[in-house]
Amino acid sequence: MSCQNLNIRRSAYMNNKPITVTSPLLPPLEEFIPYLQKIWDSKWITNNGDMHKELERQLAKYLGVQYISLFTNGTLPLITALQALEIEGEVITTPYSFVATTHSIWWNKLQPVFVDVDPKTGNLDPKKIESAITDKTTAIMPVHVYGNPCDVEAIQKIADKHNLKVIYDAAHAFGVKINGQSILNYGDISTLSFHATKTYTTVEGGALICHSAEMKQKIDHLKNFGFAGETTVVAPGINSKMDEIRAAFGLLNLKYIDAAIANRKHIAQLYRSGLSNVNGIRFMEDMNGVTHNYSYFPIFVDTEKYGMTRDDLYELLKAHNIYGRRYFYPLISSFEPYKHYPSATIQNLYTASKLADEVICLPIYAGLSDDEVNTIIKIMKHLND
Ligand SMILES: *Cc1c(COP(=O)(O)O)cnc(C)c1O
């Protein structure tokens with residue numbers, strides 16, 4: 001199906017509806033029914049069924065990775081990755097992310113150590129990692145925020161030098177490549193989220209990518225109570241299996257993901273050309289050699305130059321029934337469970353704090369019309385006239 005069709009289906013019921021930051025990628029309902037029929041016929045609805053196996057196979061191929069394990073959401077693969085790699089002590093991570101990144105460290109009774117980010121990408125700044133390493137550090141957990149690839153080479157160099165594991169939270173980076181290579185092939189493990197708000201969705205869902213058959217075996221045990229056979233439990237695993245219905249939803253959505261990403265790219269280009277001359281509004285450009293997925297369109301508001309604060313612009317858009325989101329404000333490091341950590345200070349996290357204070361993610365999703373995008377641009381430009 002083309003993007004055009006997505007537009008038509010949406011505009012039919014779109015009039016006067018609020019424009020939200022995202023809208024789920026929903027395949028045509030009638031195409032989902034035959035998948036459900038198959039599941040009903042088989043009477044096998046979870047526990048590594050045919051749909052689950054097929055989705056793992058197709059995703060590995062689509063993403064260009066060798067070993068992938070499906071999960072019931074995008075948080076449990078992060079928690080499981082830390083367990084599978086037997087991480088101890090301190091984990092270096094970014095405060096500029098969704099809170100699940102740090103929660104996964106907390107759930108393993110490890111210490112998060114927050115390090116500042118690069119203003120251009122929003123990602124962990126490799127230059128600041130080494131000074132945060134102590135004799136307790138065993139891993140780095142960066143995030144490819146907004147789908148912008150981290151400086152994977154620099155991070156790997158530091159990890160090799162200090163004998164640290166690298167776990168990438170790649171929740172935003174479905175389909176992202178650098179120089180034709182999947183971003184998911186860097187580090188020891190990468191994780192994906194297929195939550196409804198993400199570019200590719202299985203309603204709720206996620207996955208873990210690793211680089212050996214042995215590690216995949218270990219992960220698959222850990223996501224199924226630690227069962228290694230009918231009567232053998234090898235670890236205190238959790239239950240984080242994806243069921244057949246969501247795996248089927250994922251198989252169907254794979255047919256639409258390329259059109260959806262192409263549509264998102266078009267919207268990003270409209271925003272960029274529309275906002276390029278607006279004083280005080282900064283946005284991120286495509287990076288050299290990177291295949292982007294356009295999962296978010298963050299803008300950063302310079303109050304003085306723009307003549308309005310970020311929050312006032314956020315409210316102005318709301319008054320027009322347009323709902324941007326301030327991803328990622330507040331920083332994870334300023335939430336109650338984490339604000340007392342020694343690394344959680346504004347001095348230590350100056351750039352992340354600045355981004356968090358300036359950011360609004362504008363609506364972007366397959367099916368958002370040119371008219372809607374142009375309306376948003378018009379509202380944002382009006383101020384500068
Ligand atoms: C969405 C998200 C997660 C968690 O994914 P769920 O599927 O909602 O559990 C983790 N990390 C980041 C950066 C996310 O955006």
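This is a dialogue about the domains, the ligand site and a salt bridge of a predicted model.

Mentor: The model is predicted, so local features need pLDDT of at least 70 and side-chain atom pairs count only at pLDDT 80 or more, while totals for chains, interfaces and linings use all residues. Residues are numbered from 1 along each chain as its sequence is written, and side-chain values use heavy atoms, with hydrogens and water left out.

Trainee: How do you know where domain 1 and domain 2 of the protein chain lie?

Mentor: The bounds come from an automatic or database domain assignment. Domain 1 covers 3-25 + 257-383, and domain 2 covers 29-253. Their centres, taken over C-alpha atoms, are separated by 25 Å.

Trainee: What makes residues of domain 1 and domain 2 count as being in contact?

Mentor: Contact means heavy atoms within 4.5 Å. By that criterion, 38 residues of domain 1 are in contact with 45 residues of domain 2.

Trainee: What is the area that domain 1 and domain 2 bury between them?

Mentor: Buried area is the accessible area (1.4 Å probe) that two parts lose on being put together, summed over both. For these domains the value is about 3,500 Å², with 61% of it on carbon and sulfur atoms. F328, I332 and Y338 supply 20% of the area that domain 1 buries against domain 2, more than any other three residues.

Trainee: Why is the pair R57 and E54 called a salt bridge?

Mentor: The term requires a side-chain nitrogen of Lys or Arg within 4 Å of a carboxyl oxygen of Asp or Glu. The side chains of R57 and E54 meet at 2.9 Å, N to O, and the pair therefore satisfies the definition. Both residues lie in helix α3 (residues 50-63), three residues apart, about one turn of the helix. The rule counts 18 salt bridges, but zero across the interface of domain 1 and domain 2.

Trainee: Which residues are closest to the ligand?

Mentor: A residue is near a molecule if one of its heavy atoms lies within 4 Å of it. The ligand is surrounded by 14 residues, of which G74, T75, D169, S193 and K198 are the closest.

Trainee: What makes the approach of D169 to the ligand a polar contact?

Mentor: A polar contact is a pair of N or O atoms within 3.5 Å; within protein, one must be able to donate a hydrogen and the other to accept it, and residues adjacent in sequence count only if both atoms are side-chain atoms. An N or O atom in the side chain of D169 is 2.7 Å from a nitrogen atom of the ligand, so the pair meets the cut-off.

Terms used: Helix = DSSP H or I, 4+ residues; strand = E, 2+ residues; numbered from the N terminus.
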